[in-house]
There are 4 protein chains.
Amino acid sequence: MTAPHARLKVAVVGAGYWGPNLARNFAASTEWQLTAICDMDLARAHRVADPLGPVAAVASLKTLLDTDVDAIAIATPARTHHAIAMEALGAGKHVLVEKPLADSIGRAREMVDAASMSSLVLMTDHTYCYTPAVAKIRELIAEGRLGDLLFVDSTRINLGLVQPDVDVFWDLAPHDLSILDFILPGGLHPDSVSAFGGDPLGTGRSCLGHLMMPLPNSVMAHVQVNWLSPTKIRQLVVGGSERTLVWDDLNPQQRLSIYDRGVNLGRESPAGSRQRAVEQVSYRLGDTWSPALPEREALADMVAEFAGAIRGHRPARTDGHAGLRVLSVLEAASRSLRHAGLAEQPEDMRLVEGLL
Amino acid sequence: MTAPHARLKVAVVGAGYWGPNLARNFAASTEWQLTAICDMDLARAHRVADPLGPVAAVASLKTLLDTDVDAIAIATPARTHHAIAMEALGAGKHVLVEKPLADSIGRAREMVDAASMSSLVLMTDHTYCYTPAVAKIRELIAEGRLGDLLFVDSTRINLGLVQPDVDVFWDLAPHDLSILDFILPGGLHPDSVSAFGGDPLGTGRSCLGHLMMPLPNSVMAHVQVNWLSPTKIRQLVVGGSERTLVWDDLNPQQRLSIYDRGVNLGRESPAGSRQRAVEQVSYRLGDTWSPALPEREALADMVAEFAGAIRGHRPARTDGHAGLRVLSVLEAASRSLRHAGLAEQPEDMRLVEGLL
Amino acid sequence: MTAPHARLKVAVVGAGYWGPNLARNFAASTEWQLTAICDMDLARAHRVADPLGPVAAVASLKTLLDTDVDAIAIATPARTHHAIAMEALGAGKHVLVEKPLADSIGRAREMVDAASMSSLVLMTDHTYCYTPAVAKIRELIAEGRLGDLLFVDSTRINLGLVQPDVDVFWDLAPHDLSILDFILPGGLHPDSVSAFGGDPLGTGRSCLGHLMMPLPNSVMAHVQVNWLSPTKIRQLVVGGSERTLVWDDLNPQQRLSIYDRGVNLGRESPAGSRQRAVEQVSYRLGDTWSPALPEREALADMVAEFAGAIRGHRPARTDGHAGLRVLSVLEAASRSLRHAGLAEQPEDMRLVEGLL
Amino acid sequence: MTAPHARLKVAVVGAGYWGPNLARNFAASTEWQLTAICDMDLARAHRVADPLGPVAAVASLKTLLDTDVDAIAIATPARTHHAIAMEALGAGKHVLVEKPLADSIGRAREMVDAASMSSLVLMTDHTYCYTPAVAKIRELIAEGRLGDLLFVDSTRINLGLVQPDVDVFWDLAPHDLSILDFILPGGLHPDSVSAFGGDPLGTGRSCLGHLMMPLPNSVMAHVQVNWLSPTKIRQLVVGGSERTLVWDDLNPQQRLSIYDRGVNLGRESPAGSRQRAVEQVSYRLGDTWSPALPEREALADMVAEFAGAIRGHRPARTDGHAGLRVLSVLEAASRSLRHAGLAEQPEDMRLVEGLL
């Protein structure tokens, strides 16, 4: 057991694109002691480890797990997450996994179960959930500031690398889905998922696409992802009966805008007909408000949360179940894609979680 | 027969929202003599007619059709288009109809057939097709400046009146669909249409929604319409292999932007695999260009085209068939909506047009 | 004397660019009866008068003033304002004058004096002061919501007609100056005016320029005007110790933004030095707020205010003295321009107004 | 003498705000070997030096200059530039100095003369001149793409630190002035400088201000700087008779826009009067074009240029004379500020340079 005030020891597995970011944040944290970078390409591991002080570079996962490290953070390709995580959990280590949690829901559920049985923390690195903007959105929705939700629209488009092993849904949509899972009260549980993809360049996988996800209470959620867009947009709109929120992640001067605008329907009479309601429609054109947001690096908060979950013996804010919910939508999307957009029901993770 | 240089005589039927705009443009045109405004509410007809000079106000369509008017322009609710147009065509008048052409494709086809048999012009008022921006987009695509089309995305969202008799698709999407029909070489012929609507206020009709339309050659077209959005967006993106075009109708200082940006795939080797192509992906980040557009009122060009078609004994640029193609998509969308987004094939208008 | 509920009779003199706007708003007002349009070019007068109902078109000012009209509105070139206004005041008519009030402060003062002696209303058409945005800005400043004023910056640039008889300062700056006069508590009273103009095309008058106006309490006001700018900007920034306000007149979706941001200086110690204050500087990065503004035509409110002033026997909100203050700055600017930007003191209108 | 292919040795003096950026770029350059960081606060020197590999941390300038270092880069407060540079030049070292070159033109000229007499390179770190955008602007002007220059407008405003020892002109305007000096053919040589500052918080120095600089040929240059602005703007407009250019440094998606818009005056007849020219004014509303710019770090190019100048025995692109021209304007601005904006002539650096 780790003493409350000692630093937790952590190693990062994977020194490619994302690993160095994790390493830098663990190294800068007062909660953590970064002990090693592990990569099969030892030179690459050294390039990450050496500037960060006395940090080891190792090529063997087995060797790493034999040390007294408390936790490992996995930043390797998704298809390797399961094997590495299972070995780490088996060695009694807490585990943080880059999104997506695994490359299939079945393997992800094994990881969740293994962590649960060993009372270890399994956390998904849903980084966006630790940005000040997303934290504020969650808070505004939870406090009822938007009223009833009406629609959700998430757009993530830009010129992007055509990935060799995954389509644009598995590459980009985990960001959008993890955000929706975080801000929607009770998490993301769509009634169904319809996916439409385009592969106009003939690459063998969708390079652009849309997810249509009816949510309970006639709320429509839409996610748009695109690797071929000449303009870069990262935007989320959450429409509510009281207010509507727009998050424009690329506008540092006004990231979050809350519009006090909307449509008011007349109250239905006792024998109220919809027609009557429509006739009494009116518009509300109120103020716009843009809350100040702290400038904070999301990854710093994320690694702090990982430490907090371990020390507090509690699930992390974006735990394995969050990762499962995202995967259940991605898998339903892949099935829908194979059937021309047919509505597919995602596996209901509430069953898995024992909530239903 | 009308002498080449005499003004054609026209009357406008319907003095509600759109009729006055048509009337004003006919009155200002050197091609036309506006003779009458017809509305069952005679006072309303007078309010439109009187400021426009010696223009009659009449309440009876029958009376109107007994005059020597050459053409009538119909700006009444969609459900009345068929009856009025059939009566006018029967009386030997050329007919212009506000979008949508009719409230069902069956009735619209009767109108097209009646006009055809009488050698009269039947034109759909797809106003946006006469804006300088849309004309330029059509020209750029036709000249191959965008290369092969990759995707099309049209957004039309704003706080809007919840219509008493139609949903948001029938209210707003005709604009987007008529534009797509106009700019796509050969017109709009989607392989299928999937529609997703949201009615979170319980009004009995979709107040926001998405159309997914796979086009030939793996091109994905997406249309988004929304009456409940706090922000106003009217934007069309046409992605091409060479260039991508963005039309932002609400930015008068830079309505049209053409981005010389995109993804280049490597050439496939003789035994070329897709994987190889992906590995050779590279990016092109070239200049952006925003062509100057004349400031011209679209309706002025539209009424000139109506006169030109009549005088030239030729179909109008947005003729009855264009109206049919838009209706075929709207009807497929309505069917899809009743089946949770199931892909529905629109009636193939090329059969009707004798093109297949 | 006019009975309280009878409509006041008004005629518009000048049927060029601005006159038709005034005529349309008088015609639409329930306070006014528009009786005539007066222009030496009678055909031009008819073109404005005829569509507005039973409105006379006259070519002679003398004839017009012999009628029982209560008031006249002058929309002729600035160099003719004085002669027309004096004749009208002499005939006992209330007078509204398009900006600038006259082409020199001497002639303007004669107009003010003449109106005063006859107890007639002399109003300057400072249209912008009747926009909802400017009304809100005045209110926010008056309520102290911005704290102490720190700086004011007004920009009005666009491709514009090079005027044949005036420079860019006399053409455009009256808008900015009248707004500043309206929103600054106590009106616009700069300590001095320095003007810098550019005439790079050799037209014989400034086509672009800047006014630097130190105001009391070390507040710096800057006005930029330009006929040669390829981009169009109409923006006002009012910096305050508590909040700063930005009015972007070309952004209909967010015209007015109030930033709760700024610099906090430390409190000075009893023997406080400035150095100490500087060392304790800190930043405040609070919320941004954009108040909803009604969509209302400014000219409608302006003509209502003209009627209100006449009926209430009170000065109009933008009265002759406001026009004088604007002229005193314009004249000082012209003097400064002839002396390479030398700081010139404007005639102190508070002396004229008996306030000092 | 340094062999052509050996790395030049450089040390950075000053480990505060800017020094680390210089150090990082020298360390990354293939032209340079970074040998030491020098700071009186040795711990601070170590914090910069240690992560950059085998780089010494030293506290004594004298010790540093006794080594075989080829060049030193000075990133200390401006008031110390002269003493450090003179000592380094005396020791035969090439010198790069952070802007402004010195705290007075007299001291700066001594530095220029000392370098000249010893045939050493003295370079001013005018970083912006090495950005791809500014390089492109210089090229467009030099090629005559804008036609004759008409006006120049540079804005640099943001919430900023109130500096303890300099006003906002000396803190921010060197950026604008060095850019103007770089892009204007022949450098920045204003006929006069008028400066207007505001100190509404009573800090004892201008916290916001404007420079008005008439240039030859009736071109007006205006620079606006502000530490108290709630919004951040970094924008340069260069108006030309053929085209006008806008550089918006905060818009990564469209940094540079070239507008083919403007005013055309009629040709003057042989006895042509200006009046005639004005009457023939017309407008050109052509395309807008936004050239693609490479994404490159300016400092990398700057340190490469420093090496190139040393190896090539030639002046650097932003040499000591560029630094002098910027200082001559700053000193004239300070004089003007003390005289209420009186136009002050900057010392003519062409005399110093032997160009006149």
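**Briefing: a helix over a sheet, chain contacts and a buried isoleucine**

In chain C, helix 9 (residues 298–312) lies across strand 1 (8–13), strand 2, strand 4 (71–74), strand 5 (94–98) and strand 6, and its direction makes an angle of about 170 degrees with that of strand 6 of chain C. The model is a predicted one, and the points below take up the sheet in chain C, the contact between chains D and C, the relation of chain B to chain D, and the surroundings of B:Ile179.

**The sheet in chain C**

- The sheet is open and consists of 6 strands of chain C, which follow one another in the order 3-2-1-4-5-6 with parallel pairing.
- Strand 3 (56–58) and strand 6 (122–125) of chain C are the edge strands, each of them pairing on one side only, and from one strand to the next the twist averages 25 degrees.
- Strand 2 (residues 32–38) and strand 3 of chain C run parallel and are joined by 3 bridges; C:Cys38 has C:Val58, in strand 3 of chain C, as its bridge partner.

**Where chain D touches chain C**

- The contact between these two chains involves 45 residues of chain D and 46 residues of chain C.
- Several elements of chain D each supply at least two residues to the side that touches chain C, including strand 7 (149–159), strand 9 (208–215), strand 13 (256–264) and helix 8 (274–279).
- Strand 11 of chain D gives the most to this side, with 5 residues.
- Sorted by class, the side of chain D that touches chain C comprises 26 nonpolar, 15 polar and 4 charged residues.

**How chain B relates to chain D**

- Chain B is superposed on chain D by a rotation of 180 degrees with 0.0 Å of shift along the axis, at an RMSD of 0.1 Å, and the two copies are thus related as by a two-fold rotation axis.
- Among the residues of chain B, B:Trp289 comes closest to the rotation axis, with its C-alpha at 2.3 Å.
- Because 100% of the interface residues of chain B are also interface residues in chain D, the copies meet through the same surface.

**The surroundings of B:Ile179**

- B:Ile179 has its place in helix 7 (residues 168–183) of chain B, and B:Ile179 counts as buried because 27 other C-beta atoms lie within 10 Å, where 20 or more are required.
- When neighbours within four places in sequence are left aside, B:Ile179 is in contact with B:Tyr128, B:Cys129, B:Val134, B:Ser154 and B:Leu236.
- B:Glu110 is 69 residues from B:Ile179 in sequence, and the two are 24 Å apart in space, C-alpha to C-alpha.

Definitions and conventions: Residues are numbered from 1 along each chain as its sequence is written. Chains are lettered from A and ligands numbered from 1 in the order in which they are written. This is a predicted model: local features need pLDDT of at least 70, side-chain atom pairs count only at pLDDT 80 or more; totals for chains, interfaces and linings use all residues. Helices (H or I, at least four residues) and strands (E, at least two) are DSSP runs, numbered from the N terminus. A residue is buried if 20 or more other C-beta atoms lie within 10 Å of its own, exposed if 12 or fewer, and partly exposed in between; C-beta atoms are placed from the backbone. Two residues are in contact if their C-beta atoms, placed from the backbone, lie within 7 Å. Copies are superposed by least squares on the C-alpha atoms of residues with pLDDT of at least 70 in both. Ala, Val, Leu, Ile, Met, Phe, Trp, Tyr, Cys and Pro count as nonpolar, Asp, Glu, Lys and Arg as charged, and the others, Gly among them, as polar. Two strands pair if DSSP finds at least two bridges between them. Axes are lines fitted to C-alpha atoms, for helices over the stretch in contact, and angles run from 0 to 180 degrees between N-to-C directions.
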